[in-house]
Amino acid sequence: MKDTPLLEIENLAIAFGTAPPVVQDVSFRIGLGETFGVVGESGSGKSLSAFAVLGLLPPGARVLEGSSIRFEGRELVGLSDAALRPLRGARIAMVFQDPMVSLTPTLRAGAQVAEAVRQHRRLPRAGVRARVAELFTEVGLDPALAGRYPHQLSGGQQQRVMIASALAGDPALLLADEPTTALDATVQAQVLDLLDGLVRRRGLSMLFVSHDLAVVARMARRVAVMQGGRLVEQGPVGQVLGSPQAEETRALLAARRGLGCAAPLPPAPEAILRVEELAVDYPGAGPFARPVRTVSGVSLAVAPGRVLGLVGESGSGKTTVAKALVGLVRPAAGRITLDGQPLPTGLGGRRQPLAQRVQIVFQNPYGSLSPRRTIAATLAEPLELLGVPAAERKDRAAVALQEVGLPAGHLARFPHQLSGGQRQRIAIARALLAEPSVLICDEVVSALDMATQLQVLRLLREVQARRRLAMLFITHDLEVLAHLAQEVVVMRRGRVVEAGPTGQVLGAPLEGYTRELVAAMPRLPQADRIAVPV
Amino acid sequence: MSGALGLALPTLRALGLVAAITVLAFLCIGAVPGDVVDVLALQGDLTADQQAALREEMGVGRPLHERFLAWLGPALRGEFGQSLRFGLPVSELMWNALPTTLKLAGLSFGIGLLLAFVVAVGAIARPRSALPALVQAVNIWSVAVPTFCVGIAAILVFSIWLGWLPVIGNLWVPALILAIDRAGELVKPLYDELKEQQGAPHVRAARAKGLSAWRIGVVHVLPGAVPVLLALSSVGLAGLLGGSLTMEVLFGLPGIGSLTLNAVHGRDWPLLQAVVVLLATGVVLINALADLLHRLVDPRPRR
């Protein structure tokens with residue numbers, strides 16, 4: 001940290017209209033060439049604080065009086081849009097969370113960088129093109145990709161385009177708002193390396209905002225923890241993570257490692273669910289195109305009381321496997337058996353009692369519950385299929401709620417009256433009411449905050465052990481996997497690349513791809529030395 | 001989808017659609033009771049023998065499928081036969097009437113689109129002005145007030161009471177009435193779409209680059225609203241063909257609308273059939289054009 005801070009924020013408070021402030025008492029400084037991390041859960045106000053610097057708050061939100069944001073000694077609070085504009089992209093640039101929606105879909109990648117170049121420098125046409133190619137190279141992109149539209153680029157490439165256009169004006173400060181949250185682990189590691197290198201090479205200062213402690217710890221020297229709109233703690237990374245003072249920081253740390261390890265393996269029981277040489281086709285583009293084989297040759301088996309982890313990046317086909325198991329897609333080849341009997345395929349077979357013994361919990365609890373039905377109505381559905389008389393359904397549903405740690409009073413509620421974690425508990429209860437032998441969990445915690453993730457994972461593990469469920473746990477998060485699964489299957493591009501006991505696969509991966517995945521996993525520094533109350 | 005296949009399929013679909021409409025129209029027209037000879041008989045005392053002779057001569061007594069096949073051959077070559085009522089070639093009648101209808105529909109569509117665009121963009125750019133209220137007002141007007149009512153009121157006020165305009169043959173008054181109606185249907189969805197685009201993450205990212213409001217609007221906000229505009233315009237333009245028919249009749253304009261009314265009254269099936277084929281082809285063409293433009297504006301593959 002240098003003596004003269006580049007950015008100095010004091011008593012920042014932000015409110016929507018006349019409602020109570022959503023951000024208050026936020027103060028921190030960022031020195032020249034320093035990367036400062038802000039960490040907190042969604043809704044903690046960390047992104048809003050970053051937006052406020054450039055005057056990009058959403059409509060209705062405003063910075064309250066008494067706040068101060070000084071950049072290079074100049075007060076930014078109270079400046080008009082027109083007065084802030086010369087700073088935007090020139091002195092202070094920003095990289096956003098979701099590159100897919102943060103790039104304009106109708107504009108080629110090169111044009112989006114070029115407009116940022118032209119905004120800050122007067123250059124002839126050829127000069128702009130050369131500068132764009134230079135920026136593409138700097139962020140590790142082939143300049144030939146400039147002619148592509150955003151939807152023709154991968155997530156990592158999209159984020160590199162965003163970074164290139166942020167660099168176009170040679171800014172002194174980069175605001176990075178969850179820049180890798182939407183990316184796969186290996187891509188996240190590459191983009192973090194890129195940002196790290198840029199900061200060093202260009203002497204950039206960076207405000208790095210993330211919900212992920214490990215990612216922030218990797219990027220920043222000093223870190224601030226935000227919770228409920230307040231900054232609860234700040235200091236050097238080692239100090240904040242090593243001996244956290246605030247309760248909220250300890251909770252955040254606990255959320256990352258409060259799971260404990262997967263139970264040691266008892267002798268393997270006979271597998272109940274077997275998948276052999278499964279293949280799934282999706283229709284090709286256009287009416288005469290050949291179908292595309294998205295999954296092929298996948299075999300796996302899960303025993304009662306065991307958890308099998310299915311890991312892979314987006315597009316690896318792991319969700320397609322889950323869909324095939326519950327009839328949402330029809331396999332093109334292969335056998336799926338439950339207790340030795342072939343499982344009916346397709347949605348038509350779902351009503352058969354055998355198929356009902358395989359249940360699934362989906363990734364997004366906001367989309368997987370019908371918004372117009374009460375929780376009671378949602379939970380009555382599996383009971384109806386089981387033939388439970390209408391009079392008994394409500395009591396059974398209430399018992400199920402208790403099992404997932406919710407009060408019976410929630411029966412009368414609608415999904416929008418519940419939090420994400422509560423909704424996911426409802427989805428779990430719905431699956432359990434069908435009395436499954438096999439429970440498939442497809443990225444069930446990836447839409448949830450860290451602390452909520454921990455609670456839901458604990459619940460799942462407890463339910464799984466008590467009911468001796470065979471669980472297929474699909475995730476991209478190796479850390480979660482290590483805590484939950486005894487065995488793991490690694491998928492890439494629709495095929496299984498490695499399988500075996502979790503400790504062996506993650507500890508001593510045989511395949512290059514698995515090694516890449518393990519290496520890309522964000523880790524907290526001195527993890528074992530951090531005291532965590534569990 | 002590959003280029004050649006991408007063009008061939010929609011073309012085939014469009015042709016099939018026109019063919020289906022043609023057959024359906026023939027059946028519907030054939031199902032209407034009474035024929036042109038009945039109409040003539042009512043007007044000018046024809047004996048049963050004369051009627052039979054006339055039917056024989058005009059070929060209206062023959063079975064439907066025979067008539068259709070006899071009509072289809074020349075129709076494929078662009079010859080739609082003689083009008084039973086006027087004794088003139090159908091193509092000549094349509095050719096004379098078409099410019100009036102095209103002028104009316106084109107004028108009202110152009111003015112309506114311009115009006116909707118100016119009001120919607122203005123309401124976005126100046127949210128504190130009266131323009132957002134105008135968006136609602138024009139929209140409600142269009143939904144609630146039928147164009148023929150406005151037409152009658154306009155004739156009453158401007159032609160009869162004030163005497164400013166001739167009662168018959170005025171093109172601009174019906175064009176304006178239809179334009180406001182069209183604008184009302186377009187302006188609200190356009191405004192809503194622009195508003196949504198304006199709050200989208202990519203627009204925030206564009207602001208973070210330091211771009212001017214003008215550039216953000218033209219390059220980052222407006223293109224996103226074009227698909228909505230195209231979809232509504234193609235539906236609306238097709239509706240305009242229908243809407244202009246009543247206006248033509250009301251304002252005594254010798255367009256396709258007046259021609260259609262005459263053909264229906266006179267059971268002049270060759271004329272009616274030709275008009276239906278013409279309108280169907282027009283609507284299909286407009287939709288195909290909108291589809292093509294959409295592909296040009298939005299590079300993303302359709303879901």
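This is a short walk through a predicted model with chains A and B, moving from confidence to a strand in chain A, two odd loop residues and the contact with chain B.

Some housekeeping. Residues are numbered from 1 along each chain as its sequence is written, while chains are lettered from A and ligands numbered from 1 in the order in which they are written. Since the model is predicted, local features need pLDDT of at least 70 and side-chain atom pairs count only at pLDDT 80 or more, but totals for chains, interfaces and linings use all residues.

pLDDT is the predictor's confidence in each residue, from 0 to 100. Chain A averages 89, with 94% of the residues at 70 or above. Over residues 527-534 of chain A, the value drops below 50.

UniProt, in an unreviewed entry, lists "domain: ABC transporter" for residues 7-253 and 273-518 of chain A; such annotations may be inferred rather than shown by experiment. The span 7-253 is 38% helix and 25% strand. Helices (H or I, at least four residues) and strands (E, at least two) are DSSP runs, numbered from the N terminus.

Now look at strand S8 of chain A, residues 173-177. Is S8(A) buried or exposed? Buried: that goes for 5 of its 5 residues. A residue is buried if 20 or more other C-beta atoms, placed from the backbone, lie within 10 Å of its own, exposed if 12 or fewer, and partly exposed in between. A:Leu173, A:Leu175 and A:Asp177 sit on one side of S8(A), with A:Leu174 and A:Ala176 on the other.

Strands pair if DSSP finds at least two bridges between them. S8(A) runs parallel to S7(A), joined by 4 bridges, and A:Met94 stands opposite A:Leu175. With S9(A), residues 205-210, S8(A) pairs in the parallel sense over 5 bridges.

On to the loops. Most residues other than glycine have a negative phi. A:Glu435 has a positive one, near 55 degrees, and is in the loop between H15 and S18 of chain A. A:Glu435 is partly exposed because it has 14 C-beta neighbours inside 10 Å. A:Glu443 has a phi near 50 degrees, but this residue is buried, because 20 other C-beta atoms lie within 10 Å.

Last, the contact: 27 residues from chain A and 22 residues from chain B. Residues are in contact if their C-beta atoms, placed from the backbone, lie within 7 Å. On chain A's side, S7, H3 and H4 each supply at least two residues, and H4(A) gives the largest share, 3 residues.
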